[in-house]
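This report describes a structural model, taking its helices, aromatic side chains and charged side chains in turn. The sequence and the structure are shown below.

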Amino acid sequence: MTTPISGPSPATPPAPATERRSWLRDHSELGVCIMLLTLGILVLTDALTMDVDITQRGPVGPRTVPVAVGAGLLVVAALLAVDVLRGGRGQAGTGEDVDLSEPADWRTVLLLTGVFLGSAVLIEPLGFPVAGALLFWGAAFTLGSRRFDRDPLIAAAVSLVAHTVFDNLLGVPLPGGPLMGVL
């Protein structure tokens, strides 16, 4: 007399939740499609609700490029969705510095996100030169640089050069903060 083997038999269908997870895993690129679709809708909405001076003449105005970019994002999202649903898959990274067997480093991602959000909050009260320097130095520190004698100086120089280029040469006004009276 033999004892029955416990567990599901080979003919048992998989649970619906398992099927759903498997389908989502096989079609994970649809997340990129959703992101592109959302971004395209936001760009088009912003472009079409933009206030345009009535005296502006000619076929090319301030709405032209945002409308083209938004429409392009929608087209790419649709084409990618069709490709994914037909079975297309992106190739896994094969670079020598990519190890797909290792899990993602979420600590670094969260620290970089915090540095970026912190600089976004500080840009108005401290100005771009200080907030940018904190952003550049914080990113370098988070990514592993521990040169405390060099990194803050390089971050300050890069931030000041970026502020000068954008503010003076390109005409894009960035908040200067309290140090701009001194500099």
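## Helix H4

Helix H4 covers residues 106-126, and its 21 residues should span 30 Å at 1.5 Å a residue; the C-alpha atoms at its two ends lie 29 Å apart, so the expected and computed spans agree. The model from which these values come is a predicted one.

H4 contains a kink of about 25 degrees, and the centre of this kink is Ala 120. After H4 comes Gly 127, a residue with a positive phi, near 90 degrees.

## Overall architecture

The protein chain contains six helices and zero strands. Its pattern along the sequence is accordingly written α-α-α-α-α-α.

The protein chain has 183 residues, of which 16% are buried. Among its contacts with a separation of 6 or more, 58% are between residues 24 or more positions apart.

## Helix H5 and its packing

Helix H5 comprises residues 128-142. For its 15 residues a span of 21 Å is expected at 1.5 Å a residue, and the distance of 20 Å between its end C-alpha atoms agrees with this. Beyond H5 lies Gly 144, which also has a phi described as positive, in this case near 120 degrees.

Several residues of H5 are buried, namely Phe 128, Pro 129, Ala 131, Gly 132, Ala 133, Gly 138 and Thr 142. The partners against which the buried residues of H5 pack are H4 and H6.

## Contacts made from helix H6

Which residues does Ser 159 touch, not counting residues up to four places away in sequence? Ser 159 belongs to helix H6, which runs over residues 151-169. The residues touched by Ser 159 are Phe 128, Pro 129, Gly 132, Ala 133 and Phe 136. With a relative accessible area of 0%, Ser 159 is buried, because the cut-off for that class is under 20%.

Ala 155 is likewise placed in helix H6, and its relative accessible area of 4% makes it buried. Apart from neighbours within four places in sequence, Ala 155 has contacts with Ala 133, Phe 136 and Trp 137. Between the C-alpha atoms of Ala 155 and Gly 132 the separation is 7.6 Å, although these residues stand 23 residues apart along the chain.

Asp 151 is a further residue of helix H6. Its contacts, leaving aside neighbours within four places in sequence, are with Trp 137, Ser 145 and Arg 146.

## The aromatic cluster

The relation of two aromatic rings is described by how far apart their centres are and by the angle of their planes. In this model there are two aromatic pairs. In one of them, Phe 141 and Phe 148 are tilted with respect to each other, at 6.0 Å centre to centre and with 40 degrees between the planes. Phe 141 and Phe 148 join Trp 137 in one aromatic cluster.

Is Phe 148 buried or exposed? Phe 148 is exposed, since its relative accessible area of 53% is over 50%. Phe 141 has a relative accessible area of 31% and is therefore partly exposed. The ring of Phe 141 also has a charged group over it: the charged end of Arg 146 sits there, 3.9 Å from the ring centre.

## Salt bridges

Oppositely charged side chains can pair when their charged atoms come close. How many salt bridges does the structure hold? The count is two.

One salt bridge joins the side chains of Arg 147 and Asp 149, at 3.4 Å from N to O. Arg 147 is partly exposed at a relative accessible area of 38%, whereas Asp 149 is exposed at 53%.

In another salt bridge, the side chain of Arg 150 meets that of Asp 151, with an N to O distance of 3.6 Å. Arg 150 is partly exposed, at 37% relative accessibility. Asp 151, by contrast, is buried, because its relative accessible area of 9% falls under 20%.

Definitions and conventions: Residues numbered from 1 in each chain as written. Predicted model: local features only at pLDDT ≥ 70, side-chain atom pairs only at ≥ 80, totals over all residues. Heavy atoms only, no water. Helix = DSSP H or I, 4+ residues; strand = E, 2+ residues; numbered from the N terminus. Expected span 1.5 Å × (residues − 1). Bend = angle between axes of the 7 residues up to and from the residue. Phe/Tyr/Trp six-rings, centres within 6.5 Å; stacked < 30°, edge-to-face > 60°. Buried < 20%, exposed > 50% of the residue type's maximum accessible area, 1.4 Å probe, protein only. Lys NZ or Arg CZ within 6 Å of the ring centre and 35° of its normal. Contact = heavy atoms within 4.5 Å. Salt bridge = Lys/Arg side-chain N within 4 Å of Asp/Glu carboxyl O.
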